[in-house]
Amino acid sequence: MIEINKLNAWFDDNHVLKDVDIKVPKNGSFGLVGESGSGKSTVLRTITGLVDDWEGEIIVNNKELGPKRDKAFYRLVQMVFQDPFGSLHPRHTIDRILTEPVNIHGLGNSDARVVEALNQVGLDNAFRFRYPHQLSGGQRQRVAIARALILEPKILLLDEPTSALDVSIQAEVLNLLSRLRRELGLTYVMVSHDLAVVAHMCDDIAIMNHGRIVERATAEQLAEGTLEHPYSQQLYKAAGGYDRAIVDTFVDWD
Amino acid sequence: MSNETLLSVKNLEVTFDTPKGTVNAVRGVSFDLGRERLGIVGESGSGKSQTGRAILGLTAANGRITADEMKFHDLDLATLTPKQWRKVRGARISMIMQDPKYSLNPVMTIGDQIIEAYREHHKVNAKEARHRAIDMLEAVKIREPERVFNSYPHEVSGGMGQRVMIAMMLIPDPELIIADEPTSALDVTVQLQVMAILDDLVRDRGMALIFISHDLQLVSSFCDRVLVMYQGLVVEELKASALHEAKHPYTKGLLNCLPKMDGDHSDLPILEREASWAEG
């Protein structure tokens with residue numbers, strides 16, 4: 001469904017992605033893990049057309065992408081951002097937020113689509129005419145997912161979709177995402193700093209550091225803890241909580 | 001470690017008057033604190049931060065604090081005047097905030113901010129203060145203290161900023177540190193490194209620590225004792241090492257709903273809230 005070969009990207013003189021290769025099968029779920037500045041979000045942003053300066057090959061649904069994305073691309077690929085507080089227009093109702101993409105793409109029948117999308121993410125119809133500030137963080141993130149789903153995409157790019165949420169709400173949203181992938185046959189590329197979240201959600205995982213993929217692993221390998229690269233091992237240990245002795249073994253990867 | 005009580009809080013309530021009515025943010029929290037590490041854990045809106053702020057008299061103007069007792073040594077915190085507070089805040093009780101980006105002064109060099117914190121409570125000359133500040137930057141394991149001393153907050157990374165914050169809050173040598181999500185804005189490895197610095201300093205200087213966080217597992221791997229808060233109430237108190245013996249369904253639910261690296265992709269258990277948990 002998605003194939004990326006030798007992807008390189010730059011922010012001015014900063015070389016932020018270095019020879020990134022990714023392959024995601026149809027209905028697959030691929031996870032990118034790393035710390036700030038590792039380039040994990042930049043991979044998603046490059047796919048979706050938010051990064052101008054890149055080289056390499058991005059093939060989505062058997063079609064190689066050029067510098068521009070057309071409307072058809074956005075019907076196929078949608079993105080959910082980290083911060084549900086920043087990604088919804090504060091002065092638009094949920095109804096207007098959801099209707100806008102339908103109108104842009106001239107799909108028609110927006111009324112039924114909005115009802116359907118809210119239903120898919122488990123939000124009651126009563127939310128339709130509310131504003132984002134009247135919703136909790138978890139409800140907002142559901143709206144952001146509904147907005148992505150309303151165009152009936154096949155691929156969702158998820159950029160830290162639950163890291164702004166409380167853990168109990170995170171569990172609900174992760175379950176929702178798993179269910180949607182099953183029911184709608186979606187393909188996910190998910191970015192997170194949280195190894196456990198990615199291990200839970202994804203079949204294949206790539207660990208990134210300074211713009212490079214340093215290691216690839218399956219969810220099973222993560223479960224067994226059989227990571228080889230010292231950076232991945234450090235990340236794995238850090239996910240286990242605070243241990244004074246382990247912290248002393250950490251090295252900086254600058 | 002002695003068992004003397006440093007801070008005693010009994011039946012603390014924090015209430016806010018808002019246009020939509022009164023909000024009871026903290027509802028009858030009680031605890032005694034010795035020279036130990038106490039974790040306060042809860043989700044957003046549980047009242048954990050408001051508990052910490054009330055101890056330092058930092059509750060917003062539309063909030064009211066009542067308590068049967070709020071004593072720091074022999075000092076009754078509830079009756080302090082602003083002038084008396086200035087002798088306590090920073091000098092004896094200090095607070096580390098969550099995000100160095102917002103809590104450091106953006107137009108003042110890091111060195112000047114640390115010196116300001118020190119000279120507020122210690123009468124020393126500029127040269128001595130500078131010397132102390134550099135030492136403190138070294139103590140929080142900043143590799144080039146001279147350079148960081150002359151930098152502005154925006155010129156350093158998040159992890160470095162939080163080390164600066166710790167340096168600033170610890171330099172007056174307080175007895176009690178309240179750390180409100182001190183590492184939540186940081187990457188995991190940096191987070192643990194910053195915690196190790198805090199760990200060592202608190203231990204060496206024999207300080208008491210209140211560590212406020214949403215992360216139950218992190219807190220229990222760091223503290224001696226944990227209070228779990230839900231809707232303004234302490235629903236459970238635990239020895240940090242006995243987290244797996246948690247009895248309250250809320251605490252258990254919080255632990256269970258975390259994704260695990262066990263290769264299991266099935267749905268996570270959802271925390272079903274019960275109305276009775278919120279009844280004091």
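How many residues does the contact take from chain A and from chain B? In this predicted model, chain A contributes 30 residues and chain B contributes 29. On chain A, the elements that give two or more residues to the side touching chain B are α6 (167–184), α7 (195–201), α8 (219–224), α9 (230–238) and α10 (244–247). Of these, α6(A) gives the most, with seven residues. Sorted by class, that side of chain A has 16 nonpolar, eight polar and six charged residues.

Now let us turn to the sheet in chain A. Four strands form an open sheet in the order β2-β1-β4-β5, with antiparallel pairing. Its edges are β2 (14–24) and β5 (63–64) of chain A, each of which pairs on one side only.

Start at the β2 edge. Here β1(A) and β2(A) run antiparallel and are joined by seven bridges. If you would like a place to look, find Ile4(A), which stands opposite Ile22(A) in β2(A). The hairpin of these strands, β1(A) and β2(A), has two residues between them, and in it Asp12(A) takes a positive phi near 55 degrees.

At the other edge, strand β4 (residues 54–60) of chain A runs antiparallel to β5(A), and two bridges join them. Val60(A) stands opposite Lys63(A) in β5(A).

Finally, look at what packs on this sheet. Helix α1 (residues 40–47) of chain A does so, touching β1 (2–11), β2 and β4 of chain A. The direction of α1(A) makes about 75 degrees with that of β2(A). As you follow the strands, keep in mind that side chains in a regular strand alternate between the two faces of the sheet.

Methods. Residues are numbered from 1 along each chain as its sequence is written. Chains are lettered from A and ligands numbered from 1 in the order in which they are written. This is a predicted model: local features need pLDDT of at least 70, side-chain atom pairs count only at pLDDT 80 or more; totals for chains, interfaces and linings use all residues. Two residues are in contact if their C-beta atoms, placed from the backbone, lie within 7 Å. Ala, Val, Leu, Ile, Met, Phe, Trp, Tyr, Cys and Pro count as nonpolar, Asp, Glu, Lys and Arg as charged, and the others, Gly among them, as polar. Two strands pair if DSSP finds at least two bridges between them. Axes are lines fitted to C-alpha atoms, for helices over the stretch in contact, and angles run from 0 to 180 degrees between N-to-C directions.
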